[in-house]
Amino acid sequence: MKYWSRSALSIYRYLEIMSKSIDKIVVDTGKVSHNKELSKYQTTYCQTNKMINLMDRKRKLINLKVVIEDGLAKITKESRRILTLFYIDGITATLIAQLLGISIRTFFRQKTKALNEFCVMLEDLGYGKQFFETNYLGESWFEVIYNQMTQTSYEEDSLNEAFVRKILGDIGKVPVFCNTYV
């Protein structure tokens, strides 16, 4: 469960950007869906399926945001502060330790404790491993983040800018019922 939690927290600050990207793709897809010169893989039917799949993806993004906010709201103030500063605000561990007046080692201990508290709270709220596997395992953008979290230590579990750009580029790629990716 810790990898699911770390993945969700790591992507949180980008959810709004991802959602807006989906909105733009849906609008752009709708604008060209009436064009009679579309190829057989760009028919109105295929374009409509693409928009439906994108809106389902947006629903999942919104649900993920709600899950994270529910979990953070129920943990202690100290834990919420640590997780928010590190994952959501993107502040470095060194700077957080300085802000809190603690050693870097103490920060990582507190971060581990806060993450464990967050994991337990998500499970208590019904957002356990099964919830994440059911809702996000098939989403390539989330799987990429999850795989990165399983291969990095707690010190390295924030997403770098190039990695986020790749995820944003992939967010609009959805399978359509025309046996191709549009």
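Okay, let's start in helix α7, with Phe132 and Tyr136: both sit in that helix, 4 residues apart, so about one turn of the helix. Bear in mind that we're looking at a predicted model. How do the two rings sit relative to each other? Their centres are 6.1 Å apart and the planes make an angle of 40°, so this pair is tilted. Are these two residues buried or exposed? Phe132 comes out at 0% relative accessibility, so we call it buried. Tyr136 is buried too, with a relative accessible area of 1%.

Now stay on Phe132 and look at what surrounds it. Leaving out residues up to four places away in sequence, Phe132 touches Met1, Trp4, Ala8, Leu64, Val67, Leu122, Tyr127, Leu137 and Phe142. Phe132 and Tyr136 also belong to one aromatic cluster, together with Tyr3, Trp4, Tyr127, Phe131, Phe142 and Tyr146.

Staying with aromatics: how many aromatic pairs turn up when you search the whole structure? The search gives 13. One of them is Phe86 with Tyr87, and that one is edge-to-face, at 5.1 Å centre to centre with 90° between the planes. Phe86 is buried, at 4% relative accessible area, and Tyr87 is buried as well, at 1%.

Next, the core. The largest nonpolar core has 44 residues, and the ones touching the most other members are Ile11, Leu64, Ile68, Leu83, Phe132, Trp141 and Phe142. So there's Phe132 again. Which elements put two or more residues into this core? That would be α1 (2-11), α2, α3 (44-74), α4 (77-88), α5 (93-100), α6 (104-124), α7 (129-136) and α8 (140-151). The largest share, 8 residues, comes from α6.

Let me zoom in on α8. This helix has 12 residues, and from first C-alpha to last C-alpha it reaches 17 Å, close to the 16 Å you'd expect at 1.5 Å a residue. Which of its residues are buried? Trp141, Phe142, Ile145, Gln148 and Met149. Those five cover an arc of only 125° around the axis, which means they're on the same side of α8. Two names on that list, Trp141 and Phe142, are also among the core residues that touch the most other members.

A quick stop at the other end of the chain, at Ser19. It's in helix α2, which covers residues 15-32. Is Ser19 buried or exposed? At 13% relative accessibility it falls under the 20% cut-off, so Ser19 counts as buried. Again skipping residues up to four places away in sequence, Ser19 touches Lys58 and Leu61.

Okay, zooming out to the whole chain. There are 9 helices and 2 strands. Going from the N terminus, the order is α-α-α-α-α-α-α-α-α-β-β, which puts the strands after the helices. Of the 182 residues, 43% are buried. Then there's contact range: take contacts between residues at least 6 apart in sequence, and 77% of those join residues at least 24 apart. Finally, surface: the accessible surface is about 9900 Å², and carbon and sulfur atoms account for 54% of it.

To close the loop on where we began: Phe132 has 0% relative accessibility, it sits in the aromatic cluster, and it's one of the core residues touching the most other members. Okay, that's my bit.

Technical notes. Residues numbered from 1 in each chain as written. Predicted model: local features only at pLDDT ≥ 70, side-chain atom pairs only at ≥ 80, totals over all residues. Heavy atoms only, no water. Buried < 20%, exposed > 50% of the residue type's maximum accessible area, 1.4 Å probe, protein only. Contact = heavy atoms within 4.5 Å. Areas by Shrake-Rupley, 256 points an atom, 1.4 Å probe, with all protein chains shown as cover. Core = buried A, V, L, I, M, F, W, Y, C linked by side-chain atoms within 4.5 Å. Expected span 1.5 Å × (residues − 1). Arc of directions from axis to C-beta. Phe/Tyr/Trp six-rings, centres within 6.5 Å; stacked < 30°, edge-to-face > 60°.
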